[in-house]
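Here is a short report on selected backbone and surface features. Read it alongside the coordinates.

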Amino acid sequence: MQVKGLAAMSANTSLETFEFQRREPQAGDVHIDIHYCGVCHSDLHMARNEWGVSEFPLVPGHEIVGRVISVGNDVTAFKAGDLVGVGVMVDSCGHCSQCSQGEEQYCEAGFTATYNGEEKVIGGKTFGGYSDSIVVDSKFVVKVPENLELSAVAPLLCAGVTTWSPLKHWNIKPGQRVGVIGLGGLGHMAVKLASALGAEVVLFTTSPAKGEDALRLGASKVVVSKDAEQMAAEANSLDFILDCVAAPHDLDPYLNTLKTNGHLVLVGIPDAPHKSPNVTPIVFKRLSISGTSIGSIQETQQMLDFCGEHNIVSDVEVIRPDEVETAFERMLKGDVKYRFVIDMKAN
């Protein structure tokens, strides 16, 4: 079927209107009318081919929400009119050890990305959510609670589940002290979700000006990480830290804030390695440094249900399709609180 979207035709050109083919819905597919699509920083990286893996033309977008237009004959979980979402992946091998235990994000063959992945039915590349509609295997579609503001739901499909997954995997409970490093698109969701789970949240930031916002979002305390005295006051006080910063930095000051058996979990991927951490506190306090990637479909649904119950959405700025390039420029300057979302119905 013919679909219209926004595409990068090369790494050096602005996004432009682009018509392309999507597969006709198969028996297990869901055809979705896209209402909103979040703008993730990875969209900018891919549009500019900064990771060296982009194939053009490229239609970005993996934070997709909209209404079901139709479903295939084998689909029972969704029907026309349902409010649904699609995140970072649209397929996986389905039979490796990771897929078999419901962790498709770690598929041993590699999951199929929502864009710039391999379109398994008609061939070529997958195209993302900067478009009118999308056809997705129903196993990779999730239900969105009707009570939430739809535009602000879109980033939950990436930033939300990326922070939810480690919080649940490490079983964060009420009363625990959780540190969050960085108050960006990921960090602001980490603060909201950890707080709603009952944790006492400490936000680490290099920018004192973000303190008021962090407290509004649910943090109990704000620590300016450049202030050695403030950092020292947090020594041996945290059960868990979620590091949401995608730039290289020294992990040692944060390791010092962890209690024995504490975990430092990385979700940000820097463009250069972090400084090698000091092994001594890791050994003598039985600390761990781990990483985690997005989340499974099951975790995504669990996160959306939790957000529906607690009325949690992302803080967003809604833009028109013709404002994406301006949004990209503002993202590079950090000028967004905290996610841009494209209204795909706007003219």
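Asn 261 counts as partly exposed, because its relative accessibility is 35%, and the partly exposed class lies between under 20% for buried and over 50% for exposed. The model is predicted. Asn 261 sits in strand 14, residues 258-266. Its phi is near 75°, a positive value in a residue other than glycine.

Asn 236 also has a positive phi, about 55°, although it is not a glycine. Its place is in the loop between helix 7 (228-232) and strand 13.

**The sheet**

Strands 13 and 14 belong to an open sheet of six strands. The order is 12-11-10-13-14-15. The pairing is parallel. Which strands stand at the edges? They are strand 12 (221-224) and strand 15 (288-291). Each has a single partner strand, so one side of each lacks a neighbour in the sheet. From one strand to the next, the twist averages 20°.

Inside that order, strand 10 is followed by strand 13. Strand 10 covers residues 177-181, and strand 13 covers residues 238-243. How many bridges join strand 10 and strand 13? The pair is held in the parallel sense over four bridges. For Val 180, the bridge partner in strand 13 is Leu 242.

**Cis peptide bonds**

Two peptide bonds are listed here with their omega values and the loops concerned.

| Peptide bond | Omega | Loop holding the second residue |
|---|---|---|
| Phe 56 to Pro 57, cis | near 0° | Pro 57: between helix 1 (41-47) and strand 4 (64-71) |
| Lys 337 to Tyr 338, cis | near -5° | Tyr 338: between helix 11 (324-332) and strand 17 (339-343) |

The bond from Phe 56 to Pro 57 leads into a proline. The bond from Lys 337 to Tyr 338 leads into a tyrosine. Both Pro 57 and Tyr 338 are found in loops.

**A nonpolar patch**

Which residues make the nonpolar surface patch of about 350 Å²? They are Val 279, Val 283 and Phe 284. Val 279 has its place in helix 9, which spans residues 279-284.

**In brief**

The backbone points to check are the cis bond from Phe 56 to Pro 57, the cis bond from Lys 337 to Tyr 338, and the positive phi values of Asn 236 and Asn 261. The sheet is open, with parallel pairing.

Note on methods: Residues are numbered from 1 along each chain as its sequence is written. This is a predicted model: local features need pLDDT of at least 70, side-chain atom pairs count only at pLDDT 80 or more; totals for chains, interfaces and linings use all residues. Side-chain values use heavy atoms; hydrogens and water are left out. Two strands pair if DSSP finds at least two bridges between them. Helices (H or I, at least four residues) and strands (E, at least two) are DSSP runs, numbered from the N terminus. Axes are lines fitted to C-alpha atoms, for helices over the stretch in contact, and angles run from 0 to 180 degrees between N-to-C directions. Buried means under 20% relative accessible area, exposed over 50%, partly exposed in between (1.4 Å probe, protein chains only). Patches are made of residues with over 30% relative accessible area and no salt bridge: like charges are joined within 9 Å, nonpolar side chains (Val, Leu, Ile, Met, Phe, Trp, Tyr) within 5 Å. Accessible areas come from the Shrake-Rupley method with a 1.4 Å probe; for residues, only the protein chains shown count as cover. A salt bridge is a side-chain nitrogen of Lys or Arg within 4 Å of a carboxyl oxygen of Asp or Glu.
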